[in-house]
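Here are some notes to read beside the picture. Take them one at a time, and keep turning the structure as you go.

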Amino acid sequence: MEPKDYIVTKIEGEYAYIRELGGGEDSEVFIALALLPFGIDVGTKLHCEFFEYTVIE
């Protein structure tokens, strides 16, 4: 899996909706908050590599 960058667009319950940076609206997916770094919020940018998410600036 190649590294990708995402932005959190929405949080509902225990899930976050993330959209690939540079992707279109159809690139939005949802993922369990338990798999993401603690303390994320809408607008947080994430880097994903080998299914590990880290916060980026």
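**Notes on the fold**

1. Let us begin with one residue and its company. Isoleucine 31 is in contact with Glu14, Tyr15, Ala16, Ile18, Leu36 and Tyr53, once its neighbours within four places in sequence are left aside. Please remember as you look that this is a predicted model.

2. Isoleucine 31 also belongs to a bigger group. The largest nonpolar core has 10 residues, and Ile31 is one of them, together with Tyr6, Val8, Ala16, Ile18, Leu36, Ile40, Leu46, Cys48 and Tyr53. Strand 1, strand 2 and strand 4 each supply at least two residues of this core. Try colouring these residues before you read on.

3. Now for the sheet. In what order do the five strands lie? The order is 3-2-1-4-5, in an open sheet with antiparallel pairing. Strand 3 and strand 5 are the edge strands, each pairing on one side only. If you look across the sheet, neighbouring strands are turned by 40 degrees against each other on average, with direction ignored.

4. Next, follow the pairings one by one. Strand 1, residues 4–12, runs antiparallel to strand 2, residues 15–20, and six bridges connect the two. One place to find this pairing is valine 8, which stands opposite isoleucine 18 in strand 2. Strand 1 also pairs with strand 4, again in the antiparallel sense, over four bridges. Here you can look for tyrosine 6, whose bridge partner in strand 4 is leucine 46.

5. On the other side of the pairing list is a hairpin. Strand 4 (residues 45–49) and strand 5 (residues 52–56) run antiparallel and are joined by five bridges. Lysine 45 faces isoleucine 56 across this pair, and leucine 46 stands opposite valine 55. Two residues lie between the strands of the hairpin, and phenylalanine 50 in the turn has a positive phi of about 55 degrees.

6. Strand 4 is a good place to practise reading side chains. Which of its residues point to the buried face? Leu46 and Cys48 point to one face and are buried, while Lys45, His47 and Glu49 point to the other and are not. This is a pattern worth learning, because in a regular strand the side chains alternate between the two faces of the sheet.

7. Cysteine 48 deserves a closer look. This residue sits in strand 4. Is cysteine 48 buried or exposed? Its relative accessible area is 1%, so cysteine 48 is buried, given that buried means under 20%. Not counting residues up to four places away in sequence, cysteine 48 touches Met1, Glu2, Pro3, Lys4, Tyr6 and Tyr53. For a sense of distance, the C-alpha atoms of cysteine 48 and leucine 33 are separated by 14 Å, and these residues are 15 apart along the chain.

8. Threonine 44 makes a useful companion example. You will find threonine 44 in the loop between strand 3 (28–32) and strand 4. Its relative accessibility is 15%, so threonine 44 counts as buried. A polar atom of its side chain lies 2.8 Å from the backbone oxygen of aspartate 41. Threonine 44 also touches Tyr6, Ile7, Val8 and Val55, not counting residues up to four places away in sequence.

9. Finally, let us turn to the charged side chains. How many salt bridges are there? The count comes to two salt bridges. One is formed by lysine 4 and glutamate 20, with the closest N and O atoms 3.9 Å apart. This pair links distant parts of the chain, since lysine 4 is in strand 1 and glutamate 20 is in strand 2, 16 residues apart. Lysine 4 is partly exposed, with a relative accessible area of 27%, and glutamate 20 counts as partly exposed at 25%.

10. The other salt bridge joins the side chains of lysine 10 and glutamate 12, at 3.7 Å from N to O. Lysine 10 has 34% relative accessibility and counts as partly exposed. Glutamate 12, at 41%, also counts as partly exposed.

How values were computed:
Residues are numbered from 1 along each chain as its sequence is written. This is a predicted model: local features need pLDDT of at least 70, side-chain atom pairs count only at pLDDT 80 or more; totals for chains, interfaces and linings use all residues. Side-chain values use heavy atoms; hydrogens and water are left out. Two strands pair if DSSP finds at least two bridges between them. Buried means under 20% relative accessible area, exposed over 50%, partly exposed in between (1.4 Å probe, protein chains only). Contact means heavy atoms within 4.5 Å. A polar contact is a pair of N or O atoms within 3.5 Å; within protein, one must be able to donate a hydrogen and the other to accept it, and residues adjacent in sequence count only if both atoms are side-chain atoms. Axes are lines fitted to C-alpha atoms, for helices over the stretch in contact, and angles run from 0 to 180 degrees between N-to-C directions. A nonpolar core is a set of buried Ala, Val, Leu, Ile, Met, Phe, Trp, Tyr and Cys residues joined through side-chain atoms within 4.5 Å. A salt bridge is a side-chain nitrogen of Lys or Arg within 4 Å of a carboxyl oxygen of Asp or Glu.
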